[in-house]
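Q: I'd like to learn how to read a structure with several parts. Could we walk through one together?
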Amino acid sequence: MNFTLPEDLREMQAAVRGFMLEVVEARAREIEDTNRVPPELLRGAAELGLFGLSIPEEYGGVGLGALGRCAVYEALGQGHMGFGGVISAHASIGTSGLVRLGTEEQKRRFLPRMASGECIAGFAITEPSSGSDAANIRTRAERRGDVYVLNGTKHYISNAPVAGLLTVIAVTDPARGTRGMSAFLVEPGRTPGVTIGKIDEKMGQKGSLSAEVIFEDAEVPAANLLGPEHLGYREALGILTNGRVGIAARATGAMQRLLDLSVAHAKTREQFGQPIAEFQAVQFMLAEMEVAIQTSRLLWQKVAWMVDEGQDVRRMASVAKLYATEMLSQVADKAVQVAGGMGYMKDSPVERYYRDQRLLRIYEGTSEIQKLIIARDLLA
Amino acid sequence: MKILTLVRQVPDAEARVKISGGQVDLEGATLVMDGMDEYGVEEALRLREGGAAVEEIVALATGPKRVEDALRTALAMGVDRAIHVETDQALDPIALSRVVAQVAQAEGVSLILVGGQEADWDSQALGAATAERLGWPQLTWTNELALEGDTLTGRHDVDDGNESFRVPLPAVVTTQQGLNEPRYPTLPNIMKAKKKELRKDTLDAYGAAPTVRVVGSDIQTRARLNKMIDGKDPQAAAAELLDLLRNEAKVIA
Ligand SMILES: Cc1cc2nc3c(=O)[nH]c(=O)nc-3n(C[C@H](O)[C@H](O)[C@H](O)COP(=O)(O)OP(=O)(O)OC[C@H]3O[C@@H](n4cnc5c(N)ncnc54)[C@H](O)[C@@H]3O)c2cc1C
């Protein structure tokens, strides 16, 4: 057993943390006010290699395994979560289907441009009438000659307003039920019949844009079918399973940042003639945060290791995602408490984290859905 | 030509250091490449990128195994290969200069870049001591550097101002803040650095025993008097403050 991350991964974490805390954080208020990530920051992220995290080296990416990717996600979590959201929707769910299921030709066509940040990616399964019940999606894809014709509506799709490529899940054969789903590589700007709706107005994670994606007789070349036709629900959702560990790692990074901010504040803020860190009530909150961080970190590291070992992580990825994101909400709440009134003010990163973190318990499977997955696996 | 750039590993500026057994204990502290050495690594890379005929850039470090991390950072920034003289003995700058000078000669380098001042112990002696051993010119506190053929030009700070210089190689150059803005290693370059050579060497070959022995260390504590002046009457408060500064703190006449 060895709990030390390899040196190169620690070095990557330091580089990403430095970028997030020095470069991105300096523009955080601007991102909040405009709901846009300045293009220079995206270029900076591209130079750093963030867009190519999960893309193999032969296609211009960094070629990291699950442990490496998650190590980077933890560092990413220590900075602006909206910015992190853009990267993770691209590098995690937006990329993993293509890397796993794509043909050589498909990979050559998209991955190099995705690794350089030129082509931002996303993943679309959720529909207005099927969120948690993702097996019930209605978007249809019908084969006609050498195209598939797509009809239907996806919503809350992260990166859709800026995406060059979306991995879209649609029903190719309703008669087969959940075995009748397929995945498609859709280029929104270049596919007539695909419309991106207006940008969602969200509580937090500003700068990470989501929207509806509407398909009206949209013709997608058959060459853009990803994986086999009638790939099935399980495979389609496999794309999300790997994403879940990444979310646990991001949540751990967010908790670490909140603890660092809380410790610094507790030591310097004085009330009743002493630093508030002297009060045991405050100390206990800090201690509880530390426990949440240590346990969440162990979990994501274990699950990432399992992925790299080729083990089935369906249950454990849900355990990690559920636990780390629930803990993050508690930690964010405590961080606001430790900060007092300042934690409620827009100028404080704590206020921002408090809003931003809430999403992690909802997307890529709500906490309740994670419990369902865990329980079903236990009872199977 | 070849460039040798020295890399030291020091506690991060925000790291909390402890004292145990009369020695500084770095256990648990975040360790990074000395910022002054980052300027050196960056400058070597810029000289090459600027078109100078730089054949190879070699990073050198001495110290315990963990120092490898700092060398990997240099490799990830773009240095070609690294040499690690592994030792648990702490070397003072004069002893260290022995290693630097010998490696420079063995490697046939003609430019040595070292930090102007150590971030941890504040010493500025390494550049001078190395230049002295080699009989090379030294340029300290450099703010600008260019290389044309075998001639080094640039500017550096001296006691009475800022001076332009021109020297033929070989030379020793010490860095300072403002020389450049060191790059972050990118993730792909960190991956590539794993495949670059990091050669291990032992200290015995260099006869570089430390000449300074640390007999004790203490953490400097800042004691505050917490004297409060009542500000209700500004005139009286100002008078009291002046009196305290003059007669108690004795910082004004
Ligand atoms: C900002 C944002 C970005 C998103 N990005 C993407 C994206 O990029 N791609 C994408 O495809 N989707 C994306 N989503 C969609 C997201 O995955 C869904 O919102 C999520 O899966 C929940 O679905 P829902 O919103 O329809 O809620 P519902 O499914 O309606 O859930 C409502 C509540 O009911 C509970 N519930 C539902 N079913 C059960 C059950 N069987 N047992 C117990 N409780 C249950 C839920 O846990 C929840 O508490 C995003 C969502 C948001 C908000």
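A: Sure! Keep in mind that this is a predicted model. A handy start is to look at the domains. The domain assignment splits chain B into domain 1 (2-206) and domain 2 (222-253).

Q: How far apart do the C-alpha centres of domain 1 of chain B and domain 2 of chain B lie?
A: Those two centres are 46 Å apart.

Q: And which domains does chain A have?
A: Chain A is divided into three stretches: domain 1 (7-115), domain 2 (120-230) and domain 3 (234-379). Take domain 1 of chain A and domain 2 of chain A: their C-alpha centres lie 22 Å apart. Where they touch, domain 1 of chain A brings 25 residues and domain 2 of chain A brings 22 residues.

Q: How do I put a size on a boundary like that?
A: Here's the general idea: people often describe an interface by the accessible area that is lost when the parts come together. Between domain 1 of chain A and domain 2 of chain A, the buried area is about 1900 Å², and carbon and sulfur atoms give 60% of that. On the domain 1 side, Asn35(A), Gln106(A) and Phe110(A) lose the most area to domain 2 of chain A, together 25% of what that side buries.

Q: How many salt bridges and polar contacts are there between domain 1 of chain A and domain 2 of chain A?
A: The salt bridge count there is 0. For polar contacts, the count is 6 residue pairs, both partners at pLDDT 80 or more.

Q: Which helices supply the domain 1 side of that boundary in chain A?
A: Helix H2 (28-34), helix H5 (81-101) and helix H6 (104-115) of chain A each supply at least two residues. H5(A) gives the most, with 12 residues. Sorted by class, the domain 1 side has 12 nonpolar, 9 polar and 4 charged residues.

Q: Now the two chains. How many residues of chain A are in contact with chain B?
A: You can read an interface between chains in the same step-by-step way. Here 22 residues of chain A are in contact with 13 residues of chain B. The area buried between chain A and chain B is about 1400 Å², with 62% of it from carbon and sulfur atoms. In chain A, the residues that lose the most area to chain B are Glu7(A), Glu11(A) and Leu48(A), together 34% of what that side buries.

Q: What about salt bridges between chain A and chain B?
A: This time the count is 3. In one of them, the side chains of Glu57(A) and Lys195(B) meet, with 3.7 Å from N to O. Across this interface there are also 6 residue pairs in polar contact, both at pLDDT 80 or more.

Q: Which elements of chain A give two or more residues to the side that touches chain B?
A: Those are helix H1 (7-24) and helix H3 (39-48) of chain A. The largest share, 11 residues, comes from H1(A). By class, the side of chain A that touches chain B has 11 nonpolar, 3 polar and 8 charged residues.

Q: Last one: which residues come nearest to the ligand?
A: For a ligand, list the neighbours, then look at individual atoms. Of the 17 residues around the ligand, Thr126(A), Ser132(A), Tyr156(A), Thr366(A) and Glu368(A) come nearest. A polar side-chain atom of Thr366(A) lies 2.7 Å from a ligand oxygen atom. Backbone atoms take part too: a backbone N or O atom of Tyr156(A) sits 2.7 Å from a nitrogen atom of the ligand, and one of Ile125(A) sits 2.9 Å from an oxygen atom of the ligand.

Definitions and conventions
Residues are numbered from 1 along each chain as its sequence is written. Chains are lettered from A and ligands numbered from 1 in the order in which they are written. This is a predicted model: local features need pLDDT of at least 70, side-chain atom pairs count only at pLDDT 80 or more; totals for chains, interfaces and linings use all residues. Side-chain values use heavy atoms; hydrogens and water are left out. Domain bounds come from an automatic or database domain assignment. Contact means heavy atoms within 4.5 Å. Buried area is the accessible area (1.4 Å probe) that two parts lose on being put together, summed over both. A salt bridge is a side-chain nitrogen of Lys or Arg within 4 Å of a carboxyl oxygen of Asp or Glu. A polar contact is a pair of N or O atoms within 3.5 Å; within protein, one must be able to donate a hydrogen and the other to accept it, and residues adjacent in sequence count only if both atoms are side-chain atoms. Helices (H or I, at least four residues) and strands (E, at least two) are DSSP runs, numbered from the N terminus. Ala, Val, Leu, Ile, Met, Phe, Trp, Tyr, Cys and Pro count as nonpolar, Asp, Glu, Lys and Arg as charged, and the others, Gly among them, as polar. A residue is near a molecule or strand if one of its heavy atoms lies within 4 Å of it.
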